[in-house]
Amino acid sequence: MRFTDVEMTVETKEKTVLTAVVKKTLAPITISRLIRASPIRTRMYMLGKNIVYFPVPVKAGDNSRLTELKRGDVFFWPLNNSIGIALEDSRLHQRLIPMGIVTEEVLNLKDQKRGMEVIIKFEER
């Protein structure tokens, strides 16, 4: 990892669900706020079958510029102050802030219980 890379992990009480790398250069203000708020206790929700999202107590500070998503994209969703992950290629009719990409999905998120409590951690390398 480079100094601009930040490791993001999503964990349940039992195990790590996924790991991702977010890049400070993509959304420096938002990612800095997420790092300061870490660890974040939240819940997992689905938007259709293609997007999983986690509401967080952070407001976006960067410009929104993304509407098309590729599988594994990690993004910030300013409309509802959430971190999102694209499970499949998708298109949202809302502006999103790109943050990074999933590096390892340990559990299939589509099969996880909606509303499941998770902890999101951000660690600078």
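## Ser90 and the chain around it

Ser90 touches Asn50, Ile51, Thr67, Glu68 and Leu69, leaving aside residues up to four places away in sequence. The model is predicted. Ser90 lies in strand S9, which covers residues 90-105.

Is Ser90 buried or exposed? Its relative accessible area is 13%. Buried means under 20%, so Ser90 counts as buried. The side chain of Ser90 also has a polar partner. One of its polar atoms lies 2.9 Å from the backbone oxygen of Glu88.

Now the whole chain. The protein chain has one helix and ten strands. From the N terminus on, the order is β-β-α-β-β-β-β-β-β-β-β. The radius of gyration is 13 Å, close to the 14 Å that the globule rule gives for 125 residues, so the chain is as compact as a globular protein of that length.

Some values for the protein chain:

| Property | Value |
|---|---|
| Span of the C-alpha trace along the principal axes | about 30 × 30 × 25 Å |
| Residues that count as buried | 49% of 125 residues |
| Exposed area | about 6,700 Å² |
| Share of the exposed area from carbon and sulfur atoms | 48% |

Contacts also link distant parts of the sequence. Take the contacts with a separation of 6 or more: 65% of them join residues 24 or more positions apart.

Last, the helix. Which residues of helix H1 (residues 28-37) are buried? They are Thr30, Ile31, Leu34 and Ile35. Seen down the axis of H1, these buried residues fall within an arc of 135 degrees, so they line one face of the helix.

Key:
Residues are numbered from 1 along each chain as its sequence is written. This is a predicted model: local features need pLDDT of at least 70, side-chain atom pairs count only at pLDDT 80 or more; totals for chains, interfaces and linings use all residues. Side-chain values use heavy atoms; hydrogens and water are left out. Buried means under 20% relative accessible area, exposed over 50%, partly exposed in between (1.4 Å probe, protein chains only). Helices (H or I, at least four residues) and strands (E, at least two) are DSSP runs, numbered from the N terminus. The arc is that of the directions from the helix axis to the C-beta atoms. A polar contact is a pair of N or O atoms within 3.5 Å; within protein, one must be able to donate a hydrogen and the other to accept it, and residues adjacent in sequence count only if both atoms are side-chain atoms. Contact means heavy atoms within 4.5 Å. The radius of gyration is taken over C-alpha atoms; the globule rule is 2.2 Å times the number of residues to the power 0.38. Accessible areas come from the Shrake-Rupley method with a 1.4 Å probe; for residues, only the protein chains shown count as cover.
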